[in-house]
Amino acid sequence: MDKSVPTAATDGSAVPVDAHLAPDLRTPLRADAFALSEEEKIAGIAEHFREIMNLLGLDLNDDSLSGTPRRVAKMFVHEWFKGLDPAHRPDVRLFANRYQYQQMLVERDITLFSCCEHHFVPIIGKAHVAYLPGEHVVGLSKLNRVVQYYARRPQVQERLTRQIAEELKQALGTDDVAVLIEADHLCVMSRGVNDTSSSTLTAEYGGAFGKSDALRSEFLRMIGK
């Protein structure tokens with residue numbers, strides 16, 4: 001195994017992180033990204049966040065602030081960035097397409113919560129995904145779980161869109177996949193230009209979606225675009 005690829009231990013075996021994706025689509029991680037346990041990471045993050053709060057002049061003896069460093073650390077490890085750990089990668093189980101359903105299947109308005117890797121503030125929005133079924137279909141909740149797995153890490157929206165698309169292509173065994181994300185970036189809304197009215201849209205069209213204007217138009221119509 002390439003030692004430059006970070007791995008995580010799951011049930012005693014090493015799991016490559018994003019190794020199934022092209023190198024330019026992998027979330028940047030050091031090779032020793034999983035050398036520490038979750039509890040060790042929480043303890044270390046809490047210590048550093050406590051120092052940040054001290055530097056800001058906050059009184060950590062106040063009962064409202066005293067538990068904040070550990071709360072933030074647990075939020076980072078267990079919630080905001082849990083998608084960094086391949087142990088949370090969803091198992092996308094396929095089912096035989098017994099109904100011979102051949103039309104586009106769309107899951108729209110999937111809740112998306114991520115974090116801007118440039119400023120570490122939230123990205124909030126919706127993801128819409130579609131695919132053309134062949135011999136198999138997938139449980140609908142798995143589409144949501146794929147979106148959430150890649151969203152729950154420091155991200156840029158362009159890479160997130162392609163990661164979701166590539167994961168679905170591999171899981172479904174087809175290139176006929178479409179992904180569209182529309183999101184609000186708090187780095188735009190709460191700092192810099194302070195623009196609270198704009199949103200960002202990104203899309204990835206694979207296989208038939210990339211070749212057929214009519215299919216793309218149908219997808220956009222079905223998600224209300």
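**Exercise 1. Count the charged side chains and state how far apart the centres of the two sets lie.**

Solution. The protein carries 26 positive and 31 negative side chains, and the centres of these two sets are 4 Å apart. In this count Lys and Arg are positive and Asp and Glu negative, while His and the chain ends are not counted. Each charge is placed at NZ of Lys, CZ of Arg, CG of Asp or CD of Glu.

The basis of these values should be stated here. This is a predicted model, in which local features need pLDDT of at least 70 and side-chain atom pairs count only at pLDDT 80 or more, whereas totals for chains, interfaces and linings use all residues. Residues are numbered from 1 along each chain as its sequence is written, and side-chain values use heavy atoms, with hydrogens and water left out.

**Exercise 2. Describe the overall build: how many helices and strands does the protein have, and what share of its residues is buried?**

Solution. Begin with the secondary structure, which consists of 7 helices and 9 strands; these are DSSP runs numbered from the N terminus, helices being H or I over at least four residues and strands E over at least two. Next take the extent: along the principal axes, the C-alpha atoms fill a box of roughly 65 × 50 × 30 Å. Then turn to burial, where 40% of the 225 residues count as buried; buried means under 20% relative accessible area, exposed over 50%, and partly exposed in between, with a 1.4 Å probe and protein chains only. The accessible surface comes to about 12,500 Å², and 51% of that surface belongs to carbon and sulfur atoms; the areas come from the Shrake-Rupley method with a 1.4 Å probe. Finally, among contacts (heavy atoms within 4.5 Å) between residues at least 6 apart in sequence, 66% join residues at least 24 apart.

**Exercise 3. Which residues have the most contacts inside the largest nonpolar core, and which elements give two or more residues to this core?**

Solution. A nonpolar core is a set of buried Ala, Val, Leu, Ile, Met, Phe, Trp, Tyr and Cys residues joined through side-chain atoms within 4.5 Å. The largest such core has 29 residues, and those with the most contacts inside it are Leu112, Val129, Tyr131, Ile164, Leu168, Val179 and Ile181. Two or more residues of this core come from each of β4, β5, β6 (136-138), α3 (140-151), α4 and β8 (177-185), and α3 gives the most, with 6 residues. Leucine 112 may serve as a worked case: leaving aside residues up to four places away in sequence, leucine 112 touches nine positions that include Ile123, Ala127, Val147, Leu160 and Ile181. A second, separate core of 9 residues includes Ala130, Leu132, Ala178 and Phe219.

**Exercise 4. How many salt bridges are there, and which parts does the pair of arginine 70 and glutamate 39 tie together?**

Solution. A salt bridge is a side-chain nitrogen of Lys or Arg within 4 Å of a carboxyl oxygen of Asp or Glu, and by this rule the count is 10. One of them joins arginine 70 to glutamate 39, with an N to O distance of 3.1 Å. Arginine 70 lies in helix α2 (residues 68-80) and glutamate 39 in helix α1 (residues 38-55), so this pair ties together parts that are 31 residues apart in sequence. Both ends are partly exposed, arginine 70 at a relative accessible area of 39% and glutamate 39 at 43%.

**Exercise 5. Is arginine 159 buried or exposed, and where does its salt-bridge partner lie?**

Solution. Arginine 159 forms a salt bridge with glutamate 117, the closest N and O atoms being 2.4 Å apart. Arginine 159 lies in helix α4 (residues 157-172) and glutamate 117 in the loop between β4 (105-116) and β5 (122-131), so the pair ties together parts that are 42 residues apart in sequence. Arginine 159 is buried, with a relative accessible area of 12%, whereas glutamate 117 is partly exposed at 27%.

**Exercise 6. What is the phi value of aspartate 109, and which residue does its side chain meet in a salt bridge?**

Solution. Aspartate 109 lies in strand β4, and its phi is near 60 degrees, a positive value in a residue other than glycine. Its side chain meets that of arginine 108 in a salt bridge of 4.0 Å, N to O. Aspartate 109 is partly exposed at 39% relative accessibility, and arginine 108 is partly exposed at 48%.
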